[in-house]
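This briefing addresses the architecture of one chain of a predicted model. The points that follow are grouped by topic for reference at the bench.

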Amino acid sequence: MTSITRSLASPKVLLRAVAWAVYIALGVGILWGVVALVRLQGPVFFLQAVLDGLRLGFVYALIALGYTMVYGIVRLINFAHGDIFMVGAFTSFYAITQYKWGFFPAILLAMFVCVLLNVVIERVAYKPLRNAPRIAALITAIGVSFFLEYFTALKWVFSADYITYQRPFKVVVWNIKGILISNITVIIVITTVLLLLILRYIVYNTRMGKAMRATALDKPTARLMGINVDGVISFTFALGAALAGAGGVLYAIAFPQIVTFMGIMPGLKAFVAAVLGGIGNIMGAFVGSLLMGMVDVLVVSFVPMGSRLRDLFAFLVLIIVFLVKPTGIFGEPEVEKV
Amino acid sequence: MLLEVEDLHVAYGAIRALQGITFHIEEGEIVTLIGANGAGKSTTLRTISGLLRPIAGDIRFQGQSIIRTPPERIVKMGISQVPEGRQIFSKLTVMENLEMGAYTRRDKAGIAAAMEMVFASFPRLQERRRQLGGTLSGGEQQMLAMGRGLMSQPKLLLLDEPSMGLAPILVDEIFEIIRRINAQGTSILLVEQNAAMALSVAHRGYVLETGRIVLEGTATELLENPQVRRAYLGG
């Protein structure tokens with residue numbers, strides 16, 4: 001009996017030891033990296049990079065939450081999610097330049113348009129595949145993504161050109177002991193935090209939010225409770241799209257060059273962030289996004305030719321996550337139900 | 001008649017799970033379906049709840065056919081199911097689990113009253129109301145699942161293997177609770193492998209074998225039937 005338990009336990013213990021060794025190595029590595037970076041260019045430069053990274057991370061978080069919530073509920077990586085983000089940016093662009101709308105109405109319109117679009121996509125493209133093998137839905141998502149990118153690139157839609165985004169307000173920059181903070185950063189952080197608090201309230205305190213969590217845990221039982229699962233799924237897509245739409249507006253304000261392919265990289269990085277945090281986990285998506293934003297900016301700031309290598313590093317993170325802890329920082333292993 | 005099931009055929013692809021079963025439940029009754037693994041007991045319950053569509057036959061609840069009715073409407077009409085294996089929402093609190101049971105209701109006062117009733121019947125759930133469902137013991141989870149099923153104040157409660165995996169002392173407690181729920185006016189369709197227990201609380205029963213009803217009668221008749229004794233009661 002004891003020999004059986006021991007032979008079962010020992011590989012597990014060994015694995016855990018290896019995992020801890022890797023965590024410690026990672027921790028030491030990160031600490032060493034921070035010290036090295038600070039010494040390389042001075043603390044002001046380093047802090048500036050961290051701050052810019054966090055700012056980018058907040059935008060990634062708005063996209064990553066949609067990925068993670070949709071995955072949590074239908075086990076689908078909605079690859080078209082980054083393109084929803086692009087549509088948000090363009091919607092606000094038209095509202096601001098053509099109709100002279102202010103920031104708040106423009107971001108609300110962008111969120112609304114994205115919600116509508118994502119709900120239609122879900123109904124038309126994904127719902128018929130609800131009981132199909134997962135790979136079918138995944139390929140469909142990639143197809144929807146290409147469709148959105150190339151359809152909107154048509155001359156009479158958004159066109160394939162890079163368009164300069166006109167910010168709905170003047171940029172103000174404050175210099176705090178050498179660290180530059182602009183009102184863009186302030187707006188991004190405030191808007192994102194506000195949206196996350198609203199999201200948190202919806203998911204944990206409303207009837208619909210509880211139904212979402214129940215549906216994510218167990219669909220057949222949720223139906224037995226009388227929960228309209230299709231409605232809950234639509235609502236989840238809507239919620240994700242609203243956040244991505246807002247993210248698109250904020251991203252365009254921070255980096256005022258928009259094009260119909262602008263959603264690809266932020267979308268993929270937000271996806272990596274969601275996986276890094278533990279796909280399906282809301283808190284994980286947020287933390288993962290902040291980390292991804294920082295990796296992005298730190299690489300650009302410190303690595304020679306960093307602006308060309310940033311994507312390489314971002315996906316290196318994904319590979320490392322898959323090697324070390326495939327379930328992500330906050331993730332739990334998924335038990336396949338029979 | 002509360003529920004009538006008539007010549008019900010259900011298939012999973014090419015596998016015929018139910019091959020024409022007919023039974024009924026009167027108001028106020030406890031009716032049990034007994035049978036071995038794979039006889040089609042859970043399939044019957046899942047079809048009544050609307051999760052599965054029959055290929056032939058009919059199910060009428062209070063005279064109205066419900067085979068094309070979506071699950072959420074069926075819950076609203078007054079049929080609630082406590083699924084096999086309890087299936088409580090492990091990462092929702094006890095209270096949230098109960099709220100999910102009342103999902104089809106909009107009356108806040110009524111939901112609060114139903115929750116009070118559930119807590120009165122299952123005091124242990126009240127003590128643990130802020131705990132996550134997954135942290136409860138097996139017996140507590142079964143109580144939570146039954147409490148959740150009662151939150152919609154159903155006319156008919158479908159119970160799928162409520163004794164599964166529970167210690168004998170807990171099984172007695174669960175069956176006592178079933179009797180009490182029934183005494184308060186809820187009709188019950190009980191699916192069990194533990195035939196002796198099921199027949200001890202039921203008024204009538206049906207014996208299911210590979211998708212067909214092979215025997216039916218009052219609980220006493222079935223308990224005394226030599227065939228039943230041999231196959232399901234261990235002698």
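In chain B, helix 6 lies across strand 6 and strand 7 (156–160), and its direction is at about 170° to that of strand 6 of chain B. Helix 7 (residues 168–183) of chain B lies across strand 3, strand 7 and strand 8 (187–192) of chain B, and runs at about 155° to strand 8 of chain B. The model is predicted, with an ipTM of 0.92 and a pTM of 0.89.

**Confidence**
- Chain B has a mean pLDDT of 93, and 100% of its residues reach 70 or more.

**The six-stranded sheet**
- An open sheet of six strands in chain B follows the order 6-7-8-3-9-10, with mixed pairing.
- Strand 6 (79–82) and strand 10 (212–218) of chain B are at the edges and have a single partner strand each, so one side of each is left without a neighbour in the sheet.
- From one strand to the next, the twist averages 15°.
- Within chain B, strand 3 (residues 30–34) and strand 9 (residues 204–209) pair in the parallel sense through four bridges.
- Opposite Thr32(B) stands Gly205(B), in strand 9 of chain B.

**Strand 1 and its partners**
- Strand 1 (residues 3–12) of chain B pairs with strand 2 (residues 15–25) of chain B in the antiparallel sense, over eight bridges.
- Val10(B) has Leu18(B), in strand 2 of chain B, as its bridge partner.
- Two residues lie between the strands of this hairpin, in which Gly13(B) takes a positive phi near 60°.
- Strand 1 of chain B also runs antiparallel to strand 4 (residues 56–61) of chain B, and five bridges join the two.
- Glu6(B) is placed opposite Asp58(B) of strand 4 of chain B.

**Packing of helix 3 against helix 6**
- The axes of helix 3 and helix 6 (residues 138–150) of chain B come within 7 Å and cross at roughly 35°; the crossing is right-handed.
- Helix 3 of chain B contributes Val94(B), Asn97(B), Leu98(B), Met100(B) and Gly101(B) to the contact, while helix 6 of chain B contributes Leu144(B), Gly147(B), Arg148(B) and Gly149(B).
- By class, the residues of this contact are four nonpolar, four polar and one charged.

**Interface with chain A**
- In chain B, 20 residues are in contact with 14 residues of chain A.
- Helix 2 (71–77) and helix 3 (94–101) of chain B are the elements that give two or more residues to the side of chain B that touches chain A.
- That side of chain B comprises eight nonpolar, seven polar and five charged residues.

Notes. Residues are numbered from 1 along each chain as its sequence is written. Chains are lettered from A and ligands numbered from 1 in the order in which they are written. This is a predicted model: local features need pLDDT of at least 70, side-chain atom pairs count only at pLDDT 80 or more; totals for chains, interfaces and linings use all residues. pLDDT is the predictor's confidence in each residue, from 0 to 100. Two residues are in contact if their C-beta atoms, placed from the backbone, lie within 7 Å. Ala, Val, Leu, Ile, Met, Phe, Trp, Tyr, Cys and Pro count as nonpolar, Asp, Glu, Lys and Arg as charged, and the others, Gly among them, as polar. Two strands pair if DSSP finds at least two bridges between them. Axes are lines fitted to C-alpha atoms, for helices over the stretch in contact, and angles run from 0 to 180 degrees between N-to-C directions. A crossing is left-handed if the near helix is turned anticlockwise from the far one by less than a right angle, and right-handed if clockwise.
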